[in-house]
Amino acid sequence: QVQLVESGGGLVQTGGSLRLSCAASGSIFRVGAMAWYRQAPGKQRELVAIITSGGSTSYGDSVKGRFTISRDNAKNTVYLQMNTLKPEDTAVYYCNAQIAIRYSSGYNSFWGQGTQVTVSS
């Protein structure tokens, strides 16, 4: 069984910063790409940032230059440093990871429970 546990959300003022963390644990053979998504009320879930196992990154247009995704492979943990936050960044942020649980298995997609980020104006 695999679990993704997120932390670091909260309330911050416009222009502030937050750092999200997501740790994967359980029966893990290998972790592939890890990503952060977000979903605001009444909107579809959108990709915020993704990082491959090799460290290549990609960002959604709305967060480029403000957010940075990173990972610690030894800890199976992914981070999202969010700077210059705006009210439109308010959403529930979800961690996603592609995880192989056995040598012979392919990757399956796992999700965290979500953490609320609220940016006040």
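Student: In strand 6, which residue is the bridge partner of Ala49?

Tutor: In this predicted model, strand 5 and strand 6, the latter covering residues 57-59, pair in the antiparallel sense over three bridges. One of the residues to consider is Ala49, whose bridge partner in strand 6 is Tyr59.

Student: Which residue takes a positive phi in the hairpin of strand 5 and strand 6?

Tutor: This hairpin has five residues between the strands. The positive phi there, near 100°, belongs to Gly55.

Student: Over how many bridges do strand 4 and strand 5 pair?

Tutor: Strand 4 spans residues 30-39 and strand 5 spans residues 46-51. Ala35 stands opposite Ile50 of strand 5. The two strands pair in the antiparallel sense, and the number of bridges is five.

Student: What phi does Gly42 take in the hairpin of strand 4 and strand 5?

Tutor: Six residues lie between the strands of this hairpin. Gly42 takes a phi that is positive, near 75°.

Student: Which strands stand at the edges of the open sheet with the order 1-3-8-7?

Tutor: This open sheet has four strands with antiparallel pairing. Two of them have a single partner strand each, so one side of each is left without a neighbour in the sheet. These edge strands are strand 1 (2-7) and strand 7 (67-72).

Student: By what angle are neighbouring strands of this sheet turned against each other on average?

Tutor: The average ignores direction. For neighbouring strands of this sheet, its value is 15°.

Student: Which residue in strand 3 stands opposite Gln3?

Tutor: Strand 1 and strand 3 (residues 18-26) run antiparallel and are joined by six bridges. Opposite Gln3, in strand 3, stands Ser25.

Key: Residues numbered from 1 in each chain as written. Predicted model: local features only at pLDDT ≥ 70, side-chain atom pairs only at ≥ 80, totals over all residues. Heavy atoms only, no water. Pairing = 2+ DSSP bridges. Axes fitted to C-alpha atoms, helices over the stretch in contact; angles between N-to-C directions.
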